[in-house]
Amino acid sequence: MRTHNRFYDEFREEVARVRDCLRGQKAVKQQGQIYLPRPTGLTAQQYDAYRQRALYLGVAERALSGLTGIALRRDPVVELPERMTPLIERTTIEGNSLDMLTEWVLRETLSVGYSALLLDFPRDGNTSLSLPHVSTYRAEEVLDYRVEIRDGVRKLVYLRLQEGVDDFAQEDAPERHLVLEADPIYTVQVLERTKAPDGFVEVDAVIPQINGAPLTYIPCVFPSPANIDPTPEKPPFADLCDLSISHYQNSADLEHILFLTASPTPYTKGALNEKNKPNTIGAGAMWHLGADGDAGFLEPKGGGISHLREHMEKKEQAMAAIAARFLNDGMNRNEQPETARLRTSGELSLLRGSIRSTEIAIRRLLRWAAEWTQSPVEEVRFELSKDLLSVSIDPRTLSELSKTLMAGQISYATFFENLQAAELIPRDRSAEDEKDMIEEDGAGLMLDA
């Protein structure tokens, strides 16, 4: 069996660094010399103090939280067939809701740029009313895959996943792999690591049956900023995390220098005997240095500290610039909404791509779930907002829109879409629903009159 992790082979260090940076200062410092090499001459105890004095700025986590907040500024539009509605509250095998799954996928896509979402039925206790669930896998858990051209299209025919890689996994639990193949029908094989010659032994194998027939595809998608293909890309947050680590190293050097020079050290020179050697310092202390004696303080000289501080400030500005390009969705003063939209279209390309792939991936899973439960696929609707700007509509524009509608120059549908874009009407309300509400309100007002 192959265990070649294509993603991790190429981006192992970047993924680990992004994970640690997102966990914050404690996780970064726990990695010791991986991120902060030990200077020559420092003992182990001195290095621990050197590391603890350093400051790591959690720019990456704040940027990721800001991006996710922008993406989920508006609630997703979700419509499912009646049979599938329980999936909204319980989507994953852990019992997480659809909203929680959406946020998890967005965070993984924006930061690491890769994850796997597998649709499956519960292994035990299935009934005719059972619903499928989504199993989530981080980039580190995608061990291998194979894509081939079948009938003129790319098809995932082999996938190997590692299960149980998280902070809550039992230490003595055996390593388990999930091997999925669709050549030509979908099969699932569960392997456990043992002391056998090949390292793994099969503990379970099954051919899933959906509505009495086997599948011909692996029900898995791989959200990334560019697509939902299993081919990995460089983690989007790699550059920001590299800069954060470099700033952390500079901080350690600066804090170490300040620690060593915080209190100027007094010195004396000249022919002093044991009796005349100064033993105290401060107000009221008398030093007898002799005819050729002298005294002074050892203090740092030159521009070393200031240069280091300036270097750190430049890195802070660079980190702020990267984070700003991720997060900047506002308008400058006197800037028109369309101008802001054009200006930020490039800056928010990572966010827009992640939103698009997250939406497509989850919608595909929900449509598969509809097929599996024999529900109307056309009733499945899952949409994330693509409008990342907070656009308001001023009274004059609203008045002009109303006049244009009354003059018959635009349709009611166009008028309604403008009101939705201005967030005056919920996105999940249709124009027909709004007309019905208007008629109901009008009838009620007539009765009251």
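**Helix packing and an open sheet**

Helices α5 and α9 sit oblique to each other, because their packing angle of about 135 degrees falls outside the ranges for roughly parallel, antiparallel or perpendicular. This is a predicted model, so take what follows as a look at computed geometry. Here's a quick tour of three helix pairs and one sheet.

**α5 against α9**
- The axes of α5 and α9 (residues 349-372) are 9 Å apart, and α5 passes α9 in a right-handed crossing.
- On the α5 side, the contact uses Leu98, Thr102, Val105, Leu106, Thr109 and Leu110.
- Across from them, α9 brings in Leu350, Leu351, Ser354, Ile355, Ser357, Thr358 and Ile362.
- Sorted by class, that's eight nonpolar and five polar residues, with no charged ones.

**α4 against α5**
- Helix α4 (residues 59-71) packs on α5 (residues 98-111) at about 130 degrees, with 10 Å between the axes.
- That angle makes α4 and α5 oblique, therefore, to each other.
- The crossing of α4 past α5 is right-handed.
- From α4, the contact takes Glu61, Leu64, Ser65, Leu67, Thr68 and Ala71, while α5 supplies Glu103, Leu106, Arg107, Leu110 and Ser111.
- The class count for α4 with α5 comes out at five nonpolar, three polar and three charged residues.
- Leu106 and Leu110 of α5 turn up in the contact with α4 and also in the one with α9.

**α3 against α6**
- Helix α3 (residues 44-53) and helix α6 (residues 238-261) have axes that come within 8 Å and cross at roughly 115 degrees.
- That crossing angle makes α3 roughly perpendicular to α6.
- Handedness here is right-handed, with α3 passing α6.
- Tyr50, Arg51 and Arg53 are what α3 puts in, and they meet Tyr248, Ala252, Asp253, Glu255, His256 and Phe259 of α6.
- In class terms, α3 with α6 gives four nonpolar, one polar and four charged residues.

**The sheet**
- Five strands form an open sheet in the order β4-β5-β6-β7-β8, and the pairing is antiparallel.
- At the edges are β4 (142-150) and β8 (200-206), each with pairing on one side only.
- From one strand to the next, the twist averages 20 degrees.
- Edge strand β4 is joined to β5 (residues 153-163) by eight bridges, and the two run antiparallel.
- If you want a spot to click on, Ile149 has Arg154 in β5 as its bridge partner.

Definitions and conventions:
Residues are numbered from 1 along each chain as its sequence is written. This is a predicted model: local features need pLDDT of at least 70, side-chain atom pairs count only at pLDDT 80 or more; totals for chains, interfaces and linings use all residues. Side-chain values use heavy atoms; hydrogens and water are left out. Axes are lines fitted to C-alpha atoms, for helices over the stretch in contact, and angles run from 0 to 180 degrees between N-to-C directions. Helices (H or I, at least four residues) and strands (E, at least two) are DSSP runs, numbered from the N terminus. Angles under 35 degrees count as roughly parallel, over 145 as roughly antiparallel, 65 to 115 as roughly perpendicular and the rest as oblique. A crossing is left-handed if the near helix is turned anticlockwise from the far one by less than a right angle, and right-handed if clockwise. Contact means heavy atoms within 4.5 Å. Ala, Val, Leu, Ile, Met, Phe, Trp, Tyr, Cys and Pro count as nonpolar, Asp, Glu, Lys and Arg as charged, and the others, Gly among them, as polar. Two strands pair if DSSP finds at least two bridges between them.
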